[in-house]
Amino acid sequence: MIGKILNNNSVQFKMKQSNKSLILNLLLTNGQTTRKKLAALTNLTAATITNLTNELINEQLIVEVGTAESKVVRKGPKSIILDLNPTHWTLGIHIRMDRMEIGFANLKGKAVKVENIPFSANMAGNQLLDFKINKIMEYIQKNAEITAVSIGVVTYGLMKDDRRLALVKQLERQFHLPVYMDHHVRAMTIAERMFGSYKDSKHFLVVYIGQGIGSGLTINGQVYSNEASLGNQLGHMVYMPNGKPCKCGQRGCIEQYVSEKLALEELNCSSIAAIIEKLKNNDEDCIHVLTKYGQYLGTVISSFIHMIYVEKVILGGQLIFDNSPILTETQKYVDQSKLTNRQTSVVRSSFRDDAGVIAAASIAFKKNIYTF
Ligand SMILES: [Zn+2]
């Protein structure tokens, strides 16, 4: 419904929509508030705020949650407190190489019913597409008490790939809901900007270590997006001239030296959990390999920061757990630059196992709800 409304092109209409987004942004950033405070924060008249908030209530985007206590005894009605509707759900799907993560996320970035659905190794093409659609259908039926108003899908690789577009079309046909798709790391950057612990930082870089390395950038509070590219491709910055060949055609890209796949091979482990376990037991090889990854990554990130300054570097992926040597070593390398006295902190992503689901829902929110 919202998608259809947004197709209207009149200037007045756009103004109204942007004022509604402004109210939603404020409720997300500042939490529950009253119409009076919204009027003060937006410089809109009380009558306009009343009209807009009533429309938002009708659209089930916000709810009235009680009345504000006032120390001053006043005549007239009590101020009603407004909040984002906690049951406005979007279905978030993170497609990975070997599995998909699925769950519902609300307007506050809270995910529920998150599940992992593995793909069997011998599935491909239409068979895999049918499998995904059937599993999504089963999941929706199993959680029938939750109604989603849109679907967000995030995945790796090229977005214009025919298989990905086929999935979007099939989902739209099957579920009669608007479906949005984006690159998973760009979506994680949007999620960090909307809901993350570091959302108040104006400039931050998100680096996700998975099968390869993906990245996303926020400058002046806005997530950088370039239609012509996948986003930021930090993974293909060259670390080693004439180094290992990469699928992008270059040699020596950083993702050929740092990745989950490589860590599993180098440490002879079958899962990342096994690597974390080894590290807990102070396994020397494990410390050595992860420290080396932090040095490589820190070198490349440090070069990046010389071009575009960021206050925070947010690292994500299963190899980035608390006290991961990758975090501490990357910070060390970033700190070595003495060009300016500006600091950059290297921190762990705000999200855990539900990162993909929240990221997927965030792209629907960016399209229809919030303006950052
Ligand atoms: Zn490359």
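User: What order do the strands take in the open sheet that holds strand 6?

Analyst: This is a predicted model, where local features need pLDDT of at least 70 and side-chain atom pairs count only at pLDDT 80 or more, while totals for chains, interfaces and linings use all residues. Residues are numbered from 1 along each chain as its sequence is written. The five strands of that sheet line up as 6-5-4-7-8, and the pairing is mixed. Strands here are DSSP runs of E with at least two residues, helices are runs of H or I with at least four, and both are numbered from the N terminus.

User: Why are strand 6 and strand 8 called edge strands?

Analyst: Strand 6 (111-118) and strand 8 (179-183) each pair on one side only.

User: What makes strand 4 and strand 7 a pair?

Analyst: Two strands pair if DSSP finds at least two bridges between them. Strand 4 (residues 89-95) and strand 7 (residues 148-155) are joined by seven bridges and run parallel, so they pass that test. One bridge to look for is I93 with V153 in strand 7.

User: Which helix lies across strand 4, strand 5 and strand 6?

Analyst: That's helix 5 (residues 125-142), which runs at about 30° to strand 5 (99-105). Angles like this go from 0 to 180 degrees between N-to-C directions, with axes fitted to C-alpha atoms, for helices over the stretch in contact.

User: Where does strand 12 sit in its sheet?

Analyst: Its open sheet has five strands in the order 11-10-9-12-13, again with mixed pairing. Strand 12 pairs in the parallel sense with strand 9 (residues 204-209) over five bridges, and with strand 13 (residues 345-348) over four bridges, also parallel. You can spot V313 as the bridge partner of L205, and L315 opposite R348. At the edges are strand 11 (222-223) and strand 13, each with a single partner strand, so one side of each has no neighbour in the sheet.

User: Why is strand 12 called mostly covered?

Analyst: A residue is buried if 20 or more other C-beta atoms lie within 10 Å of its own, partly exposed in between, and exposed if 12 or fewer do; C-beta atoms are placed from the backbone. In strand 12 (residues 312-316), five of its five residues are buried. K312, I314 and G316 point one way, V313 and L315 the other way, and all are buried.

User: Why does N43 count as exposed?

Analyst: N43 has 7 other C-beta atoms within 10 Å, so it falls under the "12 or fewer" cut-off. N43 sits in the loop between helix 3 (35-42) and helix 4 (46-58), with a positive phi near 65° even though it isn't a glycine.

User: And what makes N323 exposed?

Analyst: N323 counts as exposed because it has 9 C-beta neighbours inside 10 Å. You'll find N323 in the loop between strand 12 and helix 11, and its phi is positive too, about 65°.

User: What describes the packing of helix 10 and helix 11?

Analyst: Two packed helices are described by the angle between their axes and the distance between the axes. For helix 10 (residues 284-307) and helix 11 (residues 325-335), the angle is about 40° and the axes are 7 Å apart.

User: Which residues of helix 11 meet helix 10?

Analyst: Among them are P325, I326 and Y333, while the helix 10 side includes I287, L290 and Y293. Contact means that two C-beta atoms, placed from the backbone, lie within 7 Å.
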